[in-house]
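Here is a short tour for anyone meeting this structure for the first time. Have a look at the picture, then read on for a walk through its parts.

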There are 2 protein chains.
Amino acid sequence: MEKLYEKTVRKEKLFSGRIIDLYIEEVELPNGKTSRREVIKHPGAVAVLPLLPDGKIVLVRQYRKALERALVEIPAGKLEHGEEPLASAHRELEEETGYRAQSMRHLISFYTSPGFADELIHLYVAEGLEKAEDGAGLDEDEFVELLEVTLEEALEMLQQRDIYDAKTAYALQYLQLRRALGEQNAE
Amino acid sequence: MEKLYEKTVRKEKLFSGRIIDLYIEEVELPNGKTSRREVIKHPGAVAVLPLLPDGKIVLVRQYRKALERALVEIPAGKLEHGEEPLASAHRELEEETGYRAQSMRHLISFYTSPGFADELIHLYVAEGLEKAEDGAGLDEDEFVELLEVTLEEALEMLQQRDIYDAKTAYALQYLQLRRALGEQNAE
C-alpha cells in the first residue's frame with residue numbers, strides 16, 4: 001500500500017458550506033512528483049429501501065438542483081451532526097414518507113464518488129412499515145412526491161431514467177437478486 | 001413535476017478546478033421561500049467491469065486522497081473533453097490494466113451523488129480481453145496495482161471493505177445476479 005500513498009504537502013480549505021466543504025491538496029506522488037487533488041468533504045448519508053407488506057417499494061420524487069431535473073429515488077438524506085446511521089435511517093424514512101419501520105436492516109455501505117468526495121452512504125432495508133399516526137411532517141425545505149410501486153414498475157422507471165442514481169439502482173438490483181435466489185417473500 | 005421545481009434566483013461560480021467546479025445557487029422553493037444549493041459540476045465518468053475468459057475480474061487498487069486510503073475498484077476514470085463514453089471505456093481499461101476488450105457492452109448509467117453533484121457514471125462490461133502487445137502505459141499521475149480475482153474473492157474484499165464504492169458494489173452484485181439467473185458462462 002505504501003507505494004500508492006500520496007503525501008499531503010499543502011492543504012487549503014476553499015469553501016465551507018451547509019453540506020459540503022472543498023479542499024485543494026497538493027500531494028507528493030509515489031514517484032516524487034507533485035500533483036493537485038480537489039477534495040469534497042461530506043458528512044455522509046443514509047438511504048432506505050422501504051418494502052410494504054405486499055412487496056411494493058416506497059419511492060420519492062424530488063427536484064435535484066445539481067441535475068436541474070426531478071429524480072425518483074429511495075428515501076435518503078445526510079447524517080446530522082453526531083447522529084448514528086441507524087437513527088438517521090429511521091428519521092429520514094419517517095420525514096420523507098410518513099412511514100415507521102419495525103425492522104431496519106443494514107444492507108451495505110459504500111462511497112459514492114471516491115475520486116473526489118468522501119461521501120459514504122449507509123443503505124438499509126426497512127420492513128414492517130406502518131404509517132405514523134401523528135402524521136410526521138416533511139422538512140421545511142423538502143418537497144417530495146410519494147410513490148408506491150412494484151419491482152417491475154420500478155425497473156421500468158430505471159429503464160426510462162426516471163430512476164437514475166447509484167443507490168436506487170443498487171437497491172433495485174438487490175431486490176432482483178433476492179427474488180432470483182428465492183429468498184423473497186411470497187407474492 | 002412543476003410543483004417540485006426550484007427556480008434559480010442567483011448563481012455564483014466559486015471554484016473552477018481540473019475535475020470539478022463549485023457553484024452556489026440561490027433557489028426559489030415551490031412555497032415561495034428561498035434556499036441555497038451547493039452544486040458540484042463534474043464532466044462524468046466511465047467504469048468498466050473487465051471479465052477474463054476464466055471468469056476472473058480485473059480490479060485496480062489505488063490511493064484515494066478524498067478518503068486518505070487505498071481502495072480496490074473496477075477500472076474507471078473521468079470523461080475527457082468531448083469524448084464518447086464507449087471510447088472512454090476502452091481507453092480507461094487499457095490505460096489502467098493494459099487489457100483491450102473485444103466486447104464492451106453498456107450495462108447501466110447512474111448519477112453517483114444527485115444531492116450535490118452531477119457526476120454521471122457509465123458502466124460497461126468488458127469481455128474478450130487481450131493484453132495489449134505494445135504494453136500500454138499508465139497515466140503519468142496514476143499509480144495503480146492490478147488484481148485478478150474470482151467473484152468469491154471480490155465479495156470477500158467487499159465484506160472486508162477493501163472494496164467500498166458504489167460502482168464496484170453494483171458491478172459485483174450484477175455478477176451475483178447473472179449467476180443466480182444462470183446466464184453466466186460455464187466455470
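Of the 187 residues in chain A, 56% are buried. Keep in mind that this is a predicted model. The accessible surface of chain A comes to about 8300 Å², and carbon and sulfur atoms hold 46% of that area. If you boxed up the C-alpha atoms of chain A along the principal axes, you'd need roughly 60 × 40 × 30 Å.

So what is chain A built from? Three helices and ten strands. Reading from the N terminus, the order is β-β-β-β-β-β-β-α-β-β-β-α-α. Take the contacts in chain A with a separation of 6 or more: 56% of them join residues 24 or more positions apart.

**Two chains**

Chain B lands on chain A after a rotation of 180° with 0.0 Å of shift along the axis, and the RMSD is 0.0 Å. That's how a two-fold axis relates its copies. Both copies use the same surface, as 100% of the contact residues of chain B recur in chain A.

**The cores**

Now for the inside. The largest nonpolar core counts 56 residues, and the ones with the most contacts inside it are Leu49, Ile57 and Leu59, each from chain A and chain B: Leu49(A), Ile57(A), Leu59(A), Leu49(B), Ile57(B) and Leu59(B). Another core lies apart from it, with 14 residues, including Leu22(A), Ile24(A), Ile40(A) and Ile24(B).

Ile57(A) is a good place to see who meets whom. Leaving out residues up to four places away in sequence, Ile57(A) touches Leu49(A), Pro50(A), Leu51(A), Leu147(A), Glu148(A), Val149(A), Thr150(A), Leu151(A), Ala154(A), Leu172(A) and Leu175(A).

Over in chain B, Ala154(B) sits in helix α2, residues 151–159. Is Ala154(B) buried or exposed? Its relative accessibility is 0%, so Ala154(B) counts as buried. Apart from neighbours within four places in sequence, Ala154(B) is in contact with Ile57(B), Leu59(B), Val149(B), Ile163(B) and Leu172(B). As for Thr8(B), its C-alpha atom is 44 Å from that of Ala154(B), with the two positions 146 residues apart along the chain.

**What the UniProt record marks**

The unreviewed UniProt entry lists Ala76(A), Glu92(A), Glu96(A) and Glu142(A) under "binding site". The same kind of record, also unreviewed, gives residues 77–99 of chain A as "short sequence motif: Nudix box". That stretch of chain A is 57% helix and 13% strand, and its end C-alpha atoms are 15 Å apart.

Two of the listed residues deserve a closer look. Glu92(A) has its place in helix α1, which covers residues 85–97 of chain A, and Glu96(A) lies in helix α1 of chain A as well. With a relative accessible area of 5%, Glu92(A) is buried. Glu96(A) is buried too, at 2% relative accessibility.

What does Glu92(A) touch, not counting residues up to four places away in sequence? The list is Val46(A), Ala76(A), Gly77(A), Lys78(A) and Thr97(A). Glu96(A) also has a link to Ala76(A): a polar atom of the Glu96(A) side chain lies 3.5 Å from the backbone nitrogen of Ala76(A).

**A strand residue and two loop residues**

Gln62(A) is part of strand β5, residues 57–64 of chain A. At 8% relative accessibility, Gln62(A) counts as buried. The side chain of Gln62(A) makes a polar contact with the side chain of Arg64(A), at 3.5 Å.

Then there are two loop residues with a positive phi. Glu68(A) isn't a glycine, yet its phi is about 55°. Arg161(A) isn't a glycine either, and its phi is near 65°. You'll find Glu68(A) in the loop between β5 and β6 (69–73) of chain A, while Arg161(A) is in the loop between α2 (151–159) and α3 (166–180) of chain A.

Here is how exposed some of these residues are:

| Residue | Relative accessible area | Class |
|---|---|---|
| Glu92(A) | 5% | buried |
| Glu96(A) | 2% | buried |
| Gln62(A) | 8% | buried |
| Glu68(A) | 36% | partly exposed |
| Arg161(A) | 36% | partly exposed |
| Ala154(B) | 0% | buried |

Notes:
Residues numbered from 1 in each chain as written. Chains lettered and ligands numbered in written order. Predicted model: local features only at pLDDT ≥ 70, side-chain atom pairs only at ≥ 80, totals over all residues. Heavy atoms only, no water. Least-squares fit on C-alpha atoms with pLDDT ≥ 70 in both. Contact = heavy atoms within 4.5 Å. Core = buried A, V, L, I, M, F, W, Y, C linked by side-chain atoms within 4.5 Å. Buried < 20%, exposed > 50% of the residue type's maximum accessible area, 1.4 Å probe, protein only. UniProt positions renumbered as here; feature names shortened; annotations may be inferred. Helix = DSSP H or I, 4+ residues; strand = E, 2+ residues; numbered from the N terminus. Polar contact = N/O pair within 3.5 Å; in protein donor to acceptor, adjacent residues only side chain to side chain. Areas by Shrake-Rupley, 256 points an atom, 1.4 Å probe, with all protein chains shown as cover.
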